[in-house]
Amino acid sequence: QTCALPISMEKFMNPKARKVGFLELKRNQCHFPTGDGPFLFCGADVELGSSTPYCNICKSIVYRPSNA
């Protein structure tokens with residue numbers, strides 16, 4: 001089974017996403033990669049104390065429940 005991930009910011013459905021390049025990406029911003037060139041990251045705010053580098057919307061994309 002394959003998981004269709006967004007491949008461009010136009011198709012990426014996160015209203016809080018910002019177009020953030022690698023050099024602009026801060027520790028408290030979502031590190032979910034989006035876009036296919038130039039390489040961009042979501043950049044939305046990450047919850048304080050989160051154990052992942054992703055915002056809640058991207059976390060739901062990255063961490064999918066298994067069907068096993």
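Strands here are DSSP runs of at least two residues, numbered from the N terminus. I start there because the first element, strand E1, covers just 33–34, and a run of two residues is enough under that definition. The model is predicted, so please keep that in mind throughout.

Overall layout, then. The chain has 1 helix and 2 strands, and read along the sequence the pattern is β-β-α. Strand E2 takes in residues 40–41, and helix H1 runs over 56–62.

On confidence, the mean pLDDT of the chain is 81, with 78% of the residues at 70 or more. E1 has the lowest confidence, at a mean of 86, and E2 the highest, at 92. As a general caution, where pLDDT is low, the predicted coordinates should not be read in detail.

Some totals for the chain. There are 68 residues, and buried ones make up 34% of them. The exposed area is about 5,200 Å², with carbon and sulfur atoms supplying 57% of it. If we take contacts between residues at least 6 apart in sequence, 35% of them join residues at least 24 apart.

Now the interior. Which residues form the largest nonpolar core? That core has 10 residues: Phe12, Cys30, Phe32, Cys42, Ala44, Val46, Tyr54, Cys55, Cys58 and Ile61.

I will take Cys42 from that list. Cys42 sits in the loop between E2 and helix H1. Its relative accessible area is 0%, and because buried means under 20%, Cys42 is buried. Leaving out residues up to four places away in sequence, Cys42 touches Phe12, Asn14, Ala17, Arg18, Lys19, Val20, Cys30, Phe32, Thr34, Cys55 and Cys58. Its C-alpha atom is 9.1 Å from that of Gly21, a residue 21 places away along the chain.

Cys58 is another member of the core. With neighbours within four places set aside, Cys58 contacts Phe12, Asn14, Cys30, Phe32 and Cys42.

Asn14 turned up in both of those contact lists. Where is Asn14? It lies in the segment before E1. At 6% relative accessibility, Asn14 counts as buried. A polar atom of the Asn14 side chain lies 3.0 Å from the backbone nitrogen of Lys16. Beyond four places in sequence, Asn14 is in contact with Cys42, Ala44, Cys55, Ile57 and Cys58. The C-alpha atoms of Asn14 and Asn56 are 9.8 Å apart, with their positions 42 residues apart along the chain counted as separation.

Gln29 is also in the segment before strand E1. Is Gln29 buried or exposed? Its relative accessibility is 10%, so Gln29 counts as buried. A polar atom of the Gln29 side chain is 2.8 Å from the backbone nitrogen of Lys26. Residues up to four places away aside, Gln29 touches Arg18, Val20, Glu24, Gly43, Ala44, Val46 and Pro53. Of these, Ala44 and Val46 also belong to the core.

Last, the aromatic rings. How many aromatic pairs does a search of the whole structure find? It finds 4. One of them joins Phe39 and Phe41, with 5.5 Å centre to centre and 85 degrees between the planes, an edge-to-face pair. Phe39 counts as exposed, at 52% relative accessibility, whereas Phe41 is buried, at 11%. Tyr54 and Tyr63 also pair: their ring centres are 6.3 Å apart and their planes stand at 65 degrees, so this pair is edge-to-face too. Tyr54 is buried, with a relative accessible area of 18%, while Tyr63, at 49%, counts as partly exposed. Ring pairs also link Phe22, Phe39 and Phe41 into a cluster.

To close, back to the two polar residues. Asn14 and Gln29 are both placed in the segment before E1. Asn14 is buried and has its side chain by the backbone nitrogen of Lys16, at 3.0 Å. Gln29 is buried and has its side chain 2.8 Å from the backbone nitrogen of Lys26. That is all I have.

How values were computed
Residues are numbered from 1 along each chain as its sequence is written. This is a predicted model: local features need pLDDT of at least 70, side-chain atom pairs count only at pLDDT 80 or more; totals for chains, interfaces and linings use all residues. Side-chain values use heavy atoms; hydrogens and water are left out. Helices (H or I, at least four residues) and strands (E, at least two) are DSSP runs, numbered from the N terminus. Buried means under 20% relative accessible area, exposed over 50%, partly exposed in between (1.4 Å probe, protein chains only). A polar contact is a pair of N or O atoms within 3.5 Å; within protein, one must be able to donate a hydrogen and the other to accept it, and residues adjacent in sequence count only if both atoms are side-chain atoms. Contact means heavy atoms within 4.5 Å. pLDDT is the predictor's confidence in each residue, from 0 to 100. Accessible areas come from the Shrake-Rupley method with a 1.4 Å probe; for residues, only the protein chains shown count as cover. A nonpolar core is a set of buried Ala, Val, Leu, Ile, Met, Phe, Trp, Tyr and Cys residues joined through side-chain atoms within 4.5 Å. Rings of Phe, Tyr and Trp (its six-membered ring) pair if their centres lie within 6.5 Å; planes under 30 degrees apart count as stacked, over 60 as edge-to-face and the rest as tilted.
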